[in-house]
Amino acid sequence: MKHEVVIAGGGPTGMMLAGELTLVGVDVAIVERRAKAELVGSRAGGLHARTLEVFDQRGIADRFLAEGQKAQATGFAGVHFDLSGFPTRHPYSLALRQNHIERILAGWVDERKVPIYRGIEVTGFAQDDTGVDVELSDGRSLRAQYLVGCDGGRSLVRKAAGIAFPGSNPTTSNLIAEAELAETPPEWGIRRDALGTHALGRVEYEIRNGKIVYADHGPVGVLVTEQHVGQTTEPTLSDLSAALITVYGTDYGIHSPTWISRFTDAARQAASYRKGRVLIAGDAAHVHPPDGGQGLQTGVQDAVNLGWKLAQVVKGISPESLLDTYHAERHPIGARVLRNTMASIVLRREDERTKALRDTIAELLGMDEPRRRFAAMMSGLDIHYDLGEGHPLLGRRMPDLDLVTENGPLRVFTLLHDARPLFLNLGEPGGFNISPWADRIQLIDAEYVGSWDLPALGRVIAPTAVLVRPDGFVAWVGDLSQRGLTAALTTWFGPPTAA
Ligand SMILES: Cc1cc2nc3c(=O)[nH]c(=O)nc-3n(C[C@H](O)[C@H](O)[C@H](O)COP(=O)(O)OP(=O)(O)OC[C@H]3O[C@@H](n4cnc5c(N)ncnc54)[C@H](O)[C@@H]3O)c2cc1C
């Protein structure tokens, strides 16, 4: 069986990547170990602003917004930031559990008719000059031009490709579970002590006036830090009970768990996101503590960075070297997430000196400039790819402006729904000629009368034109001289078509 691209793993990263590839007409298939689409257990608790923007760029943000609850949940080391007033259509986080996020993504991938080989594992592969033979656990194999490992932190694809995964070993170990409690604890919510952070709360809750109000009945989500690091067996109910007794003095009669899992604060990142025809994305490329809720966001955004590039290479529009920009752009973003989660872990400690440090950081983050910068970082809105010197927009996300076009009002993000590159001429209509790329890039003449505000940076000078990549990042900013335009068009969207 043949596909242009095979994705190992149908978690959030793999599904997003598959959706992206189909938008550009790539024949892609997912191989997913889980037999059923439903995610048992819960991991991520929501979406941050940039991820919501990314979904908005594809016209699917409303599906998530319809089910989640808006909250000001972006934070660092216990300090929460209020994004109201940030220049984005989504100045908040969305509380929505990962099982729902995955269900909604699965619905999108389904509509896009992505074949999914379910209940099957990728067990190995062999790559040659023209493609990759992907071995499956049922004895079959798939031939593809490229294989992408979106197969989570223990990624087989990463290991089999021989990609190193350097980083730090765990210093804490946590159990996370969903179960029933025979007794109601005197208090729901987070508890911190010398051992670490723990939390108990009903799975069902509402956010009222910015506060979590738990349901009166129903299963309980448990997070408890274990006394010892380094357990390698599957966690059991008695492990959970013992950990609760150590922290709370009782296990509240815990019983009937629907799932129990263990996670640590290990922080590791792949040395390379590509090895020939094999790429990795999401947790396969980076693992880190869940502090700040950044893992799923980073994976989805890896996928959106990679998708259009891989599509152009597969379709012969761009040379293979375009794929190297995936590592060049996304590795520093992953490294930054590792850095801020590692810092956050240290700041969680409950000794007097760490508390003093945490209070000092909180004081600093109360100041306007640091607060804005950290809020922009933790929400993903400040991501900046190094595309060289120039206008502040270069390498940053294109804001979702309200444009006026000859066909009426239009949002920038609406123009990105099909993942087609966009050349936006905001100056004299007809002032730019990109006809040798007209088969690949939409040229829109538009007017925009508002100000140009970027998160963290504030107001910037209005450009005359912008070249926007399918991932929503600005690849060229225009002035009247059109300097560098041909080079930018060729770098990102391939050589010009002969007239
Ligand atoms: C306790 C906890 C809380 C978290 N909270 C947040 C949060 O609030 N916000 C946030 O953004 N992130 C959070 N995360 C992180 C988030 O869950 C992950 O970053 C996210 O799931 C990564 O998505 P992924 O698709 O890259 O990998 P995964 O979700 O791990 O998906 C990998 C998929 O690959 C499949 N697979 C594995 N091996 C194979 C194989 N060989 N062949 C075929 N299929 C295979 C698996 O079955 C799985 O479906 C949290 C994580 C934990 C543990």
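Q: Which helix gives the largest share of the shell around the ligand?
A: This is a predicted model, where local features need pLDDT of at least 70, side-chain atom pairs count only at pLDDT 80 or more, and totals for chains, interfaces and linings use all residues. Residues are numbered from 1 along each chain as its sequence is written, and side-chain values use heavy atoms, with hydrogens and water left out. Helix 1 (12-23), strand 2 (28-32) and helix 7 (295-314) each supply at least two residues of that shell; helices (H or I, at least four residues) and strands (E, at least two) are DSSP runs, numbered from the N terminus. The largest share, three residues, comes from helix 7.

Q: Which residues come nearest to the ligand?
A: Being near means that one of a residue's heavy atoms lies within 4 Å of the molecule or strand in question. There are 28 residues around the ligand, and the ones that come nearest are T13, E32, Q98, D283 and L296.

Q: How many residues of the shell around the ligand are charged?
A: Let's sort them by type: Ala, Val, Leu, Ile, Met, Phe, Trp, Tyr, Cys and Pro count as nonpolar, Asp, Glu, Lys and Arg as charged, and the others, Gly among them, as polar. The shell has 10 nonpolar and 11 polar residues, and the charged ones number seven.

Q: What percentage of the ligand's accessible area does the protein cover?
A: Start with polar contacts, which are pairs of N or O atoms within 3.5 Å; within protein, one must be able to donate a hydrogen and the other to accept it, and residues adjacent in sequence count only if both atoms are side-chain atoms. Polar side-chain atoms of R34 and R43 sit 2.9 Å and 3.3 Å from an oxygen atom of the ligand, while a backbone N or O atom of G295 is 3.2 Å from one. On its own the ligand has 1000 Å² of accessible area (Shrake-Rupley method, 1.4 Å probe; for residues, only the protein chains shown count as cover). Of that area, the protein covers 89%.

Q: Why is strand 13 largely enclosed by the rest of the structure?
A: Strand 13 pairs in the antiparallel sense with strand 19 (residues 254-264) over eight bridges and with strand 18 (residues 220-225) over six; two strands pair if DSSP finds at least two bridges between them. Buried means under 20% relative accessible area, exposed over 50%, and partly exposed in between (1.4 Å probe, protein chains only). Strand 13 (residues 173-181) is largely enclosed because, of its nine residues, the number buried is seven.

Q: Which residue in strand 18 is the bridge partner of A177?
A: Look at both neighbours of strand 13. Over in strand 19, S261 stands opposite I176. In strand 18, A177 has as its bridge partner V222.

Q: Which strands are the edge strands of the open sheet 3-7-4?
A: Three strands make up this sheet in the order 3-7-4, with antiparallel pairing. Two bridges join strand 3 to strand 7 (residues 93-95), and L47 has L94 as its bridge partner there. Pairing on one side only, the edge strands are strand 3 (46-47) and strand 4 (69-71).

Q: What is the relative accessible area of A77?
A: A77 lies in the loop between strand 5 (74-76) and strand 6 (79-81). It isn't a glycine, yet A77 has a positive phi of about 50°. A77 counts as buried because its relative accessible area is 16%.
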